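Student: Hi! I've got a structure open and would like to talk it through. Can we start with one residue and go on from there?

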Amino acid sequence: VPLQASGGGLVQAGESLGLSCVASGSIFSIRAMGWYRQAPGKQRELVAGISTAGRSNYVDSVKGRFIISRDMTKNMVYLQMNSLKPEDTAVYYCNVDCVLGPWDTARTYWGQGTQVTVSS
């Protein structure tokens, strides 16, 4: 399942940035979608996730600043990032847990990543 993320860039601390990601291809059912990030020298971490029921969860460091949303009619997930900090600098990856058919089991697919850089 190809995932295409977009919206990264360079911003100053305190500014906002929005990311979007679309999952294309023949998808039977999406279970959950999310955003991860990986900063240089650090492990990839979950930033935010959202279920098909609309329940969302966030890593503590972004709570109150980031908002994850999705459009299930378009197989898209969004991440609105507000009050950005230099420590938010990372490559951001979207992922989707989905099933390709009634014969399939849920798998996780990843996008290619988009760079977010926050200058102080």
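Tutor: Sure, let's start with Asn75, which counts as buried because its relative accessibility is 19%. Buried means under 20% relative accessible area, exposed means over 50%, and partly exposed is in between, with a 1.4 Å probe and protein chains only. Before we go on, this is a predicted model, where local features need pLDDT of at least 70, side-chain atom pairs count only at pLDDT 80 or more, and totals for chains, interfaces and linings use all residues. Residues are numbered from 1 along each chain as its sequence is written, and side-chain values use heavy atoms, with hydrogens and water left out.

Student: Got it. Where is Asn75 in the chain?

Tutor: Asn75 is in the loop between β7 (66-71) and β8 (76-81). Strands (E, at least two residues) and helices (H or I, at least four) are DSSP runs, numbered from the N terminus. Asn75 also has a positive phi of about 55°, although it is not a glycine.

Student: What sign does phi usually have?

Tutor: Most residues other than glycine have a negative phi. Ser83 is not a glycine either, and has a positive phi of about 50°. You'll find Ser83 in the loop between β8 and β9.

Student: Is Ser83 buried or exposed?

Tutor: In between: Ser83 is partly exposed, because its relative accessible area is 40%.

Student: And what touches Gly14?

Tutor: Ser83 again, along with Leu84, if you leave aside neighbours within four places in sequence. Contact means heavy atoms within 4.5 Å. Gly14 sits in the loop between β2 (9-12) and β3, and is exposed, with a relative accessible area of 53%. Gly14 and Val118 are 104 residues apart in sequence, yet their C-alpha atoms are 8.7 Å apart in space.

Student: New topic! How many aromatic pairs are there?

Tutor: The structure holds one aromatic pair. Its partners are Tyr36 and Trp110, edge-to-face, with 4.9 Å centre to centre and 70° between the planes. The pair links distant parts of the chain, since Tyr36 is in strand β4 (residues 29-38) and Trp110 is in strand β10 (residues 107-110), 74 residues apart.

Student: Why is that called edge-to-face?

Tutor: Rings of Phe, Tyr and Trp (its six-membered ring) pair if their centres lie within 6.5 Å; planes over 60 degrees apart count as edge-to-face, under 30 as stacked and the rest as tilted. So the 70° between the planes of Tyr36 and Trp110 puts them in the edge-to-face group.

Student: Are those two buried or exposed?

Tutor: Tyr36 is partly exposed, at 22% relative accessible area, and Trp110 is partly exposed too, at 36%.

Student: Which charged residue lies over the face of Trp110?

Tutor: That's Arg44, at 4.7 Å from the ring centre. Arg44 also lies over the face of Tyr93, at 3.8 Å from the ring centre. A charge sits over a ring if NZ of Lys or CZ of Arg is within 6 Å of the ring centre and within 35 degrees of the ring normal.

Student: What does Asn95 touch?

Tutor: Not counting neighbours within four places in sequence, Asn95 is in contact with several residues, including Tyr36 and Trp110 from our pair, as well as Leu3, Ala32 and Thr108. Asn95 is in strand β9 (residues 90-99) and is buried, with a relative accessible area of 7%.

Student: And what about Ser20, buried or exposed?

Tutor: Ser20 counts as buried, at 18% relative accessibility. It lies in strand β3 (residues 17-23). Among the residues Ser20 touches are Trp35, Met76 and Tyr78, not counting those up to four places away in sequence.

Student: Last one: what's the volume of the largest pocket?

Tutor: About 180 Å³. On a 1 Å grid over the protein atoms alone, a pocket is an open set of points where a 1.4 Å probe fits, with protein on both sides within 12 Å along at least five of seven lines; lining residues have an atom within 4 Å of a point. The volume is the space filled by probe spheres set on the points, which are joined across faces, edges and corners.

Student: Which residues are closest to its centre?

Tutor: Of the 13 residues lining the largest pocket, the closest to its centre are Arg37, Lys42, Glu45, Ser61 and Glu87.
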